[in-house]
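This briefing is for a reader meeting the structure for the first time. Please look over the sequence and the model before reading on.

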Amino acid sequence: VAVTGASSGIGEAVAKAFSRAGHPVLMMARRLQRMQALNLPDSMARQVDVRDRAAIAAAVKEAEAEYGPVDML
């Protein structure tokens, strides 16, 4: 599951919920340290601005190499 805005608010809650359900999670947001502090199992945190399509594509590619295809964004 790829989640944008995962450093706070709804994005953080979504990342936590999917992690609790056993899904690997790619967390993307501008505040890397906040995502890393969540310490979710089977997760990857990447500093990405959602306006940067190339950065999002690179983060998704990296996550797919480790966890398999992204099923949800």
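The points below cover the sheet, two of the helices, and a few single residues and loops.

This is a predicted model, in which local features need pLDDT of at least 70 and side-chain atom pairs count only at pLDDT 80 or more, while totals for chains, interfaces and linings use all residues. Residues are numbered from 1 along each chain as its sequence is written, and side-chain values use heavy atoms, with hydrogens and water left out. Helices (H or I, at least four residues) and strands (E, at least two) are DSSP runs, numbered from the N terminus.

**The sheet**

- Three strands form an open sheet in the order E1-E2-E3, with parallel pairing; two strands count as paired if DSSP finds at least two bridges between them.
- Strand E1 (2-4) and E3 are the edge strands, each with a single partner strand, so one side of each has no neighbour in the sheet.
- From one strand to the next, the twist averages 20°; axes are lines fitted to C-alpha atoms, for helices over the stretch in contact, and angles run from 0 to 180 degrees between N-to-C directions.
- Three bridges join E1 and E2 in the parallel sense, and Val-3 has Met-27 of E2 as its bridge partner.
- H3 packs on the sheet and touches E2 and E3, and its direction makes about 160° with that of E3.
- The parallel pairing of E2 and E3 runs over five bridges, and here Val-25 is matched with Ser-43 of E3.
- A right-handed β-α-β unit is made by E2, helix H2 (residues 32-38) and E3. A crossover is right-handed if, with the strands pointing away from the viewer, the path from the first strand over the helix to the second runs clockwise.

**Helix H1**

- H1 (residues 9-20) has twelve residues and spans 17 Å from its first C-alpha to its last, close to the 16 Å expected at 1.5 Å a residue. The expected span is 1.5 Å times one less than the number of residues.
- Its buried residues are Gly-11, Glu-12, Ala-15 and Ser-19. Viewed down the axis of H1, the buried residues fall within an arc of 100°, so they line one face of the helix. The arc is that of the directions from the helix axis to the C-beta atoms.
- Buried means under 20% relative accessible area, exposed over 50%, and partly exposed in between (1.4 Å probe, protein chains only).
- An α-helix has 3.6 residues a turn, so residues three or four places apart point the same way.
- The other side of H1 carries the exposed residues Gly-9, Ile-10 and Arg-20.
- E1, E2 and H2 are what the buried residues of H1 pack against, contact meaning heavy atoms within 4.5 Å.
- Gly-22, just after H1, has a positive phi of about 95°.

**Single residues in H1**

- Glu-12 is buried, at a relative accessible area of 16%. Not counting residues up to four places away in sequence, Glu-12 touches Gly-5, Ala-6, Ser-7, Arg-34 and Leu-38.
- Ser-19 is buried at 10% relative accessibility. Neighbours within four places in sequence aside, Ser-19 is in contact with Val-25, Leu-40 and Pro-41.
- Ala-17 also lies in H1 and is partly exposed, at 34% relative accessibility. Its C-alpha atom is 23 Å from that of Ala-65, which is 48 residues away along the chain.

**Helix H3**

- H3 (residues 53-67) has 15 residues and reaches 21 Å from its first C-alpha to its last, close to the 21 Å expected.
- Ile-56, Ala-59, Val-60 and Ala-63 are its buried residues. They cover an arc of only 100° around the axis, which puts them on the same side of H3.
- The partners of this buried set are strand E2 (25-29) and strand E3 (43-47).
- Turned away from the buried side of H3 is a face with the exposed residues Ala-54, Lys-61 and Ala-65.
- Gly-68, just after H3, takes a positive phi of about 100°.

**The loop between H2 and E3**

- Asn-39 is in this loop and is exposed at 65% relative accessibility. Its phi is near 50°, a positive value in a residue other than glycine.
- Asp-42 is in the loop between H2 and E3, and its phi is near 45°, again a positive value in a residue other than glycine.
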